[in-house]
Every structure is written in C-alpha cells, then in structure tokens.
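Subject: Structure for you, with notes

Hi,

Here is the structure I said I'd pass along. Have a look at it first, then read on.

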Amino acid sequence: MTKTIRGGAPCSIARTVDVLKDPWSFMVLREALDGVTRFADFRAGLGIASDILTERLTALVEAGVLTREQYQEPGSRARHSYHLTAAGTELAVVIGALQQWGDEHLPWQAGPTIERRSARTGRPLHVAFVDDRGREVPLEQVSFRRTASYPAR
C-alpha cells in the first residue's frame, strides 16, 4: 500500500527524507532487507537503544514502509514483528545506490561487506538509471527537469 501524504513538501526528495529522517532509519531498513523482523534482532544487530529503535520502527510503520504483526512464542508474552511492505522493498534501490556510492567513494580497506548480485544468475549488479525501453542511461546523459508542479520561486 502506498501512502498519500497530504500537504507537506511538493518535492519527492524532501518527503522521502522526512520518512527516512536519520541514519538509524537506513540501518533498520538495511536489516529488514536482510530478513530481520524481530525487535530483539534489530537491536542486537544494530547496537541501537530500545527507545530509538521503537521510534524508528513506529515511524517506518506509519509511513507504510513496514507493517507490524503480532506473534507469540509458547510461554512468552505477545510481541511484534516487522515486515517490509511493497514500498519498503522498493527502497532496496535506494539502499543499493547508497552502498554502491559508498563502495566507490568511501571504500572499506578490506573491501565491500556486501555484494549486489542477481538472485537468479548470481551475476554482479549495479544501480543505474534505466529508460522506458529497459536500456541503461549513462549518468552524464541523465537530466533532472522541473515540471509544471515545481513550485515557483
């Protein structure tokens, strides 16, 4: 489900940044894309304080990036798990682009910690602009053009 935000900034970048807010949101999203669903596993994997994690998970649920589902293990109290929505899964492109940029411009001495590969073929992947015919467009040929919806200055 895609959320429609009424009001707010007309800029899609500003609205997206408002959802992701801070570095912890990106790290929570990274973990969710890796299959993490439980609060304790997010906390252990990230080393994040419980109150900050609760805030980030709540904000991501409210933004439609994650859903919250209740589960209960035998002998334990009911808890929540967090699952990516379709919109959350689509943020893999954003996370992949950030990772690709970091690997290129801020490389880790020991090399990349994660590789982007096709699940079907195992071939390496990179994030790119692709036109409506499925062809990759080199960055130097990409332009960002204002539309009629762009606010007047």
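Below is what turned up when I went through the model, from the overall layout down to single residues.

One thing to keep in mind throughout: this is a predicted model.

**Overall layout**

The chain has 153 residues, and 21% of them count as buried. Its C-alpha trace spans about 60 × 45 × 30 Å along the principal axes. You'll find 6 helices and 4 strands, and starting at the N terminus they come in the order α-α-α-α-β-β-α-α-β-β. If you take the contacts between residues at least 6 apart in sequence, 39% of them join residues at least 24 apart. The accessible surface adds up to about 11700 Å², with 53% of that belonging to carbon and sulfur atoms.

**The nonpolar core**

In soluble globular proteins, nonpolar side chains tend to be buried together. Here, the largest nonpolar core holds 18 residues, and the ones that touch the most other members are Val 28, Phe 42, Leu 57, Leu 60, Val 65 and Leu 66. Helices α1, α2, α3 (39–46) and α4 each give two or more residues to this core, with α4 providing the largest share at 4 residues.

Leu 66 is a good one to click on. Leaving aside residues up to four places away in sequence, Leu 66 touches Ala 32, Leu 57, Leu 60, Val 61, Tyr 82, His 83, Leu 84 and Thr 85.

**Two pockets**

The largest pocket has a volume of about 1700 Å³. It is lined by 47 residues, and those closest to its centre are Ser 12, Ile 13, Thr 16, Leu 91 and Val 94. Which elements each supply at least two residues of that lining? They are α1, α4 (50–62), α5 (86–90), α6 (92–105) and the strand β4 (136–137). Sorted by class, the lining of the largest pocket comes out at 29 nonpolar, 8 polar and 10 charged residues.

The second largest pocket has a volume of about 940 Å³. Of its 29 lining residues, Arg 30, Ile 95, Gly 96, Gln 99 and Ile 114 are the closest to the centre. Both α2 (23–33) and α6 supply at least two residues here, and α6 gives the most, with 9 residues. By class, the lining of the second largest pocket has 16 nonpolar, 6 polar and 7 charged residues. Helix α6 therefore turns up in the linings of both pockets, the largest and the second largest.**Two residues to look at**

Thr 16 sits in helix α1 (residues 12–20) and is among the residues closest to the centre of the largest pocket. Is Thr 16 buried, exposed or partly exposed? Thr 16 counts as partly exposed because its relative accessibility is 37%, and the partly exposed class lies between the cut-offs of 20% and 50%. Thr 16 and Ala 63 are 47 residues apart in sequence, while their C-alpha atoms are 9.6 Å apart in space.

Ser 149 lies in the segment after β4. With a relative accessible area of 62%, Ser 149 is exposed, as exposed means over 50%. From Ser 149 to Gly 45 the separation is 104 residues in sequence and 42 Å in space, C-alpha to C-alpha.

Cheers

Methods
Residues are numbered from 1 along each chain as its sequence is written. This is a predicted model: local features need pLDDT of at least 70, side-chain atom pairs count only at pLDDT 80 or more; totals for chains, interfaces and linings use all residues. Side-chain values use heavy atoms; hydrogens and water are left out. Buried means under 20% relative accessible area, exposed over 50%, partly exposed in between (1.4 Å probe, protein chains only). On a 1 Å grid over the protein atoms alone, a cavity is a set of points where a 1.4 Å probe fits but cannot get out, and a pocket is an open set with protein on both sides within 12 Å along at least five of seven lines; lining residues have an atom within 4 Å of a point. Grid points are joined across faces, edges and corners, and a volume is the space filled by probe spheres set on the points. Ala, Val, Leu, Ile, Met, Phe, Trp, Tyr, Cys and Pro count as nonpolar, Asp, Glu, Lys and Arg as charged, and the others, Gly among them, as polar. Contact means heavy atoms within 4.5 Å. Accessible areas come from the Shrake-Rupley method with a 1.4 Å probe; for residues, only the protein chains shown count as cover. A nonpolar core is a set of buried Ala, Val, Leu, Ile, Met, Phe, Trp, Tyr and Cys residues joined through side-chain atoms within 4.5 Å.
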